[in-house]
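Subject: Structure handover

Hello,

I am passing on the structure below, together with notes on what turned up in it. Please read the notes with the model open.

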Amino acid sequence: LALSVDFHDGCAKAVIGLPRNSKSLRAVLGRHMTELLYQFIDHSLNSVQNGGNTNTEKQPENVAGICVDFCLTIDRMDLFGLVYERFNKANRTAILFEVLEAYIIHDRVGGLDEAMMSLILEHY
């Protein structure tokens, strides 16, 4: 995910075949970055549920933080609804909302849609 953010921000070096124009670059990378995010969430949360990770206690919180940071970094809070769906499927929405709370308190998150805000308020 970090490498894809470097590509998104135009910081990656020695890349051949990607557009130089940042708008075109972001369009090309957008769907790939989204798919990477989903694979990361699914793999991470499934490994916790299946006991495949020895350090499972904090992993869902770490995954939630990485997802929120990722959405904020690439300025795509519209992806958050889809992140929520993945956490909901794994029965981890409470963890996602608790992590998101810190971002909201520090005024780092904006642009959540009305449906997502309703779910957050319902949780609390």
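The notes below cover the core, one helix, the aromatic rings and one serine.

This is a predicted model, in which local features need pLDDT of at least 70 and side-chain atom pairs count only at pLDDT 80 or more, while totals for chains, interfaces and linings use all residues. Residues are numbered from 1 along each chain as its sequence is written, and side-chain values use heavy atoms, with hydrogens and water left out.

Core. The largest nonpolar core (buried Ala, Val, Leu, Ile, Met, Phe, Trp, Tyr and Cys residues joined through side-chain atoms within 4.5 Å) has 31 residues. Those touching the most other members are Leu-37, Phe-80, Val-83, Phe-87, Leu-100 and Leu-112. At least two residues of this core come from each of α2, α3 (59–73), α4, α5 and α6 (114–123), and the largest share, 7 residues, from α2. Helices here are DSSP runs of H or I, at least four residues, numbered from the N terminus. Leaving aside residues up to four places away in sequence, Leu-112 touches Met-77, Phe-80, Leu-100, Met-117 and Ile-120; contact means heavy atoms within 4.5 Å.

Helix α3. The 15 residues of α3 should span 21 Å at 1.5 Å a residue, and the end C-alpha atoms are 21 Å apart, which agrees. The expected span is 1.5 Å times one less than the number of residues. Buried residues of α3 (under 20% relative accessible area, 1.4 Å probe, protein chains only) include Gln-59, Val-63, Cys-67 and Phe-70. After α3 comes Asp-75, with a positive phi near 55°.

Rings. There is 1 aromatic pair, where pairing requires ring centres within 6.5 Å and stacked means planes under 30 degrees apart. Tyr-84 and Phe-97 have ring centres 5.7 Å apart and planes at 15°, so they are stacked. Because Tyr-84 lies in α4 (residues 80–89) and Phe-97 in α5 (residues 93–105), the pair ties together parts 13 residues apart in sequence. Both Tyr-84 and Phe-97 are buried. Separately, Arg-86 lies over the face of Tyr-38, 4.4 Å from the ring centre; the criterion is CZ of Arg within 6 Å of the ring centre and within 35 degrees of the ring normal.

Ser-44. Ser-44 lies in α2 (residues 22–49) and is buried, with a relative accessible area of 5%. A polar atom of the Ser-44 side chain lies 2.8 Å from the backbone oxygen of Phe-40. Not counting residues up to four places away in sequence, Ser-44 touches Gln-59 and Val-63, and both of these are among the buried residues of α3.

Regards

Terms used
Phe/Tyr/Trp six-rings, centres within 6.5 Å; stacked < 30°, edge-to-face > 60°. Buried < 20%, exposed > 50% of the residue type's maximum accessible area, 1.4 Å probe, protein only. Polar contact = N/O pair within 3.5 Å; in protein donor to acceptor, adjacent residues only side chain to side chain.
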